[in-house]
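Here is a friendly walk through one protein chain, written for someone who would like to find their way around it at the bench. Have the sequence and the 3D view open side by side as you read.

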Amino acid sequence: MTIDVLAFATSPRRHGNSETLLDRVLAAMEREGTAVEKIIVPEADIRPCRGCNACEKLNRCVQRDYMDYLHDRIVAADCIVLASPIYCMGLAAQAKVLVDRTQVFRSRKYVLGLPIVPPERKGKRVGIFLSTAGQTWENVFDAAIPSVKCFFNVIDIRGRDIRYLMVNGVDEKGAIDRHPTAMRDAETLAGEVIAHLREVGVA
């Protein structure tokens, strides 16, 4: 069985630092024979959560947009990669919209008491958070992490199965290419995740 990777590029600046980092991870994964689907979130019809809580009764969102497709793909994927730059000390707005629309899974899991993935797939999925920031502050990623953990938790990816690659001090477009370790770290991370998924029996 082929490992299924679903990736989200959320930066409004196409081919910027976070997307370049994502592309390096995905290219390394594809060389390992995985099936990769990359979603360009700013170009997709993903509307903000309305906070209506209808999903607590319907087990689906009342909005009809691209999330109809993505809700199913998120459940099906073995590895989900979220790539976002840091804007104003947090996730980019486009990334946060995606995270907020996973409220459906929160309702399914904690209100309706329904499974997100079948029992045999629990513990066999990996989440990756890739991020870049222009600032060099050590705490520049701190505010984004709780949202990332929430995103992966509600889609049934355990905290211990989340991997992080966060690179600061890369501001202008293309700066990530000149970083001394980022691209090598991206390829190493990709290899480690694929090896782990094979070890737990995904492929």
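## A tour of the chain

Cys-88 is exposed, with a relative accessible area of 80%; here buried means under 20% relative accessible area, exposed over 50%, and partly exposed in between, with a 1.4 Å probe and protein chains only. Before going further, please note that this is a predicted model, in which local features need pLDDT of at least 70 and side-chain atom pairs count only at pLDDT 80 or more, while totals for chains, interfaces and linings use all residues. Residues are numbered from 1 along each chain as its sequence is written, and side-chain values use heavy atoms, with hydrogens and water left out.

**Cysteines.** Cys-79, with 0% relative accessibility, counts as buried. How many disulfides does a search of the whole structure find? The search finds zero, a disulfide being a pair of cysteine sulfur atoms within 2.5 Å. For Cys-79, the nearest cysteine sulfur belongs to Cys-150 and is 19 Å away.

**Overall build.** The chain has seven helices and six strands, where helices (H or I, at least four residues) and strands (E, at least two) are DSSP runs numbered from the N terminus. From start to end, their order is β-α-β-α-α-β-β-α-α-β-α-β-α. The radius of gyration is 16 Å, close to the 17 Å that the globule rule gives for 203 residues, so the chain is as compact as a globular protein of that length. That radius is taken over C-alpha atoms, and the globule rule is 2.2 Å times the number of residues to the power 0.38. The C-alpha trace spans about 50 × 40 × 30 Å along its principal axes.

Of the 203 residues, 50% are buried. Contacts (heavy atoms within 4.5 Å) also say something about the fold: among those between residues at least 6 apart in sequence, 80% join residues at least 24 apart. The accessible surface comes to about 9300 Å², and carbon and sulfur atoms account for 51% of that area; the areas come from the Shrake-Rupley method with a 1.4 Å probe, and for residues only the protein chains shown count as cover.

**Helix 1 and the loop before it.** Gly-16 sits in the loop between strand 1 (4–9) and helix 1, and it is buried at 2% relative accessibility. Which residue lies 157 residues from Gly-16 in sequence, yet 5.2 Å away C-alpha to C-alpha? That residue is Lys-173. Thr-20 belongs to helix 1 (residues 17–31) and counts as buried at 19% relative accessibility. Setting aside residues up to four places away in sequence, Thr-20 touches His-15, Ile-176, Asp-177 and Met-183.

**Helix 3, helix 5 and strand 3.** Helix 3 (residues 67–76) has Met-67, Leu-70, His-71, Arg-73, Ile-74 and Val-75 buried. These buried residues pack against strand 1, strand 2 (35–40), strand 3 (79–87), helix 4 (93–100) and helix 5. Within helix 5 (residues 103–111) you will find Ser-107, which is buried at 0% relative accessibility. Beyond its neighbours within four places in sequence, Ser-107 is in contact with Cys-55, Glu-56 and Leu-112.

Ile-86 is part of strand 3 and is buried, with a relative accessible area of 7%. Its contacts, apart from neighbours within four places in sequence, are Ser-131, Thr-132, Ala-133, Val-140, Phe-141 and Ala-144. The C-alpha atoms of Ile-86 and Asn-168 are separated by 9.2 Å, with their positions 82 residues apart along the chain.

**Helix 6 and two positive phi angles.** In helix 6 (residues 145–154), the buried residues are Ile-145, Ser-147, Val-148, Phe-151, Phe-152 and Val-154. Asp-156 follows helix 6. Most residues other than glycine have a negative phi. The table sets out two residues with a positive value.

| Residue | Phi | Loop | Relative accessible area |
|---|---|---|---|
| Asn-53 | positive, about 65° | between strand 2 and helix 2 (55–58) | 37%, partly exposed |
| Asp-156 | positive, near 65° | between helix 6 and strand 6 (162–167) | 10%, buried |
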